[in-house]
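Welcome! Take a moment to turn the model around on your screen, and then let us walk through it together.

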Amino acid sequence: MNNDSTAMQSSRLHYFIMITVIIVTGASQGLLLPLLTVLLEHMGVSSDLNGLNAAMLYIGIFSTLFFVEKLLAYFGFKKLISLSLMLVIAALVLFPMFQNIWIWFALRFLVGVGDSALHYASQLWVLTSSNEQNRGRNLSFYGMSYGIGFSIGPLGMNLLVFGDWVPFAAIGVLCTIVLLLIVFILPDYQVMGTNKENAPVLERRYTRSFQWAWFALLPAFLYGYTEASMNSSFPIYALRIGLEQNWISFLLPFFGIGGLILQLPLGVLSDRIGRKKVLMGAGFLGGVAFLLIPLYGANPTAILVLFMIAGGMLGSFFSLGLAFAADILPKAYLPSANVVASFIFSIGSILAPNLAGIGMQHISISSLFWLLGGIFIVFAALGFWFRQKQAEQVRIRESVLDA
């Protein structure tokens, strides 16, 4: 009994450490996107080049998806998470030392690689270390922890008054603390090797997952696009419409706060009336909120309220989409669906800063929110086209091929 109690306490401690890691890395990503955008804007960099620079983070995330599984199999959870954090910390140290946009291209790419490997390993660690009874709860806390960190990250921009290097140093110290917790406390869990003979089956499952559940996986793309747009392009929008810099760090967290407030209620509602209906309704309302933002100009109170509405409606899009995919797909397909979701999340994240930057530079400063509002309303309309029962019938008929 004593051994069981000790093991349970140890497991809880390890889970707490992992959650702390996710909060800090979420804060790091939430800070770096607007912070670097503001610094580049002050350096006189054009909005389209600024957006391209921001996209390098997501290009790093995207490129890591092709080899991170092999890295995890080779290093194991603890070593891969530690190495990923060390890579992020090194980049944080170098950013203020070399305030050059071309060097920042490389550093942002490296941060993306580190963040991607860290999230892949930590999410899989939570998934495999949780039993069936508490797996859903643990993964929900994982997502909320990242949301909390990402929401509080922009507040670090207020440290700029003490020097351009201070925000980088502050988040670097936090990352170093969690790195020490991992090195000295977290056990060195190993990963079972991959079976190369299963590669054709896995490849087939990727395509079929999207074929059967495309409407459920599109929210991952929209979530990535929205996150990148808000954190890399909104600072440019805010500065150019006349908002003070301190308003940027104050307003951005409210988008995440709205998502945190409504994440559980929307999840419960989706259990009762169906996830498709909730995704369509949330997408439509979130899209309308985005379209209204330019109408209020530089009114920070109106922007704050609309941010909370849009964030509340759209902040749980990634998790709701995956839950909807789980309703449609067989269990054996869920890992493949998760990879597909991460893949198209990265595509959305890469496209967002570039499209927003080009739009604000060559069309209108308000095009940032016109495009955001438009794609969510289009997504809601696509829901009328997607037939869940038909997709399930096709899945049941064809999944026997992979049995």
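Is Phe-75 buried, exposed or partly exposed? With a relative accessible area of 24%, Phe-75 is partly exposed, since buried would require a value under 20% and exposed a value over 50%. Keep this residue in mind, as we will come back to it shortly. Please also remember along the way that you are looking at a predicted model.

Let us step back for the overall view. The protein has 16 helices and zero strands. Of its 403 residues, 51% are buried. If you take the contacts in the protein with a separation of 6 or more, 87% of them are between residues 24 or more positions apart. We will meet some examples of such distant partners below.

Now back to our opening residue and its surroundings. Phe-75 of helix 3 takes part in the contact with helix 4, together with Val-68, Leu-71 and Leu-72 of helix 3. On the other side of this contact, helix 4 supplies Phe-77, Lys-79, Leu-80 and Leu-83. By class, seven of the residues in this contact are nonpolar, none is polar and one is charged. Helix 3 covers residues 68-75 and helix 4 covers residues 77-97; their axes are 6 Å apart and the packing angle is about 120°. The two helices are therefore oblique to each other, and their crossing is right-handed.

Aromatic rings offer another way to explore the model. A search of the whole structure turns up 23 aromatic pairs. One of them joins Tyr-74 and Phe-75 in an edge-to-face arrangement, with 4.9 Å from centre to centre and 85° between the planes. Tyr-74 has a relative accessible area of 68% and is exposed, whereas Phe-75 is partly exposed.

Another pair to look for is Phe-215 with Phe-324, which is edge-to-face too, with centres 6.5 Å apart and planes at 85°. Phe-215 belongs to helix 8 (residues 199-232) and Phe-324 to helix 13 (residues 317-328), so this pair ties together parts that are 109 residues apart in sequence. Both rings belong to buried residues: Phe-215 has a relative accessible area of 0%, and Phe-324 has a relative accessibility of 1%.

Next, find helix 11, which spans residues 275-292. Its axis comes within 8 Å of the axis of helix 12 (residues 300-314), and the two cross at roughly 155°. That makes helix 11 roughly antiparallel to helix 12, and the crossing is left-handed. From helix 11, the residues that meet helix 12 are Ala-282, Gly-283, Leu-285, Gly-286, Ala-289, Phe-290 and Leu-292. Their partners in helix 12 are Leu-306, Ile-309, Ala-310, Met-313 and Leu-314. Ten residues of this contact are nonpolar, two are polar and none is charged.

Helix 11 also packs against helix 15 (residues 367-382), at an angle of about 160° and with the axes 7 Å apart. Helix 11 and helix 15 are therefore roughly antiparallel to each other, and here the crossing is left-handed. Among the residues of helix 11 in this contact are Leu-279, Met-280, Phe-284 and Val-288, and among those of helix 15 are Phe-369, Trp-370, Phe-376 and Ile-377. In this contact, 13 residues are nonpolar, four are polar and none is charged. Gly-283 and Phe-290 are worth picking out, since they appear in the contact with helix 12 and in the contact with helix 15.

Let us finish with two residues that have partners far along the chain. Leu-31 sits in helix 1 (residues 2-42) and counts as buried at 4% relative accessibility. Its C-alpha lies 8.8 Å from that of Ser-151, although the two are 120 residues apart in sequence. Beyond its neighbours within four places in sequence, Leu-31 is in contact with Gly-153, Pro-154, Gly-156, Met-157, Pro-167 and Ile-171.

The second residue is Ile-61, in helix 2 (residues 47-64). Ile-61 is buried, with a relative accessible area of 9%. Follow the chain for 281 residues and you arrive at Ser-342, whose C-alpha is 9.3 Å from that of Ile-61. Leaving out neighbours within four places in sequence, the contacts of Ile-61 are Gln-29, Gly-112, Val-113, Ser-116 and Ser-346.

Note on methods
Residues are numbered from 1 along each chain as its sequence is written. This is a predicted model: local features need pLDDT of at least 70, side-chain atom pairs count only at pLDDT 80 or more; totals for chains, interfaces and linings use all residues. Side-chain values use heavy atoms; hydrogens and water are left out. Axes are lines fitted to C-alpha atoms, for helices over the stretch in contact, and angles run from 0 to 180 degrees between N-to-C directions. Helices (H or I, at least four residues) and strands (E, at least two) are DSSP runs, numbered from the N terminus. Angles under 35 degrees count as roughly parallel, over 145 as roughly antiparallel, 65 to 115 as roughly perpendicular and the rest as oblique. A crossing is left-handed if the near helix is turned anticlockwise from the far one by less than a right angle, and right-handed if clockwise. Contact means heavy atoms within 4.5 Å. Ala, Val, Leu, Ile, Met, Phe, Trp, Tyr, Cys and Pro count as nonpolar, Asp, Glu, Lys and Arg as charged, and the others, Gly among them, as polar. Rings of Phe, Tyr and Trp (its six-membered ring) pair if their centres lie within 6.5 Å; planes under 30 degrees apart count as stacked, over 60 as edge-to-face and the rest as tilted. Buried means under 20% relative accessible area, exposed over 50%, partly exposed in between (1.4 Å probe, protein chains only).
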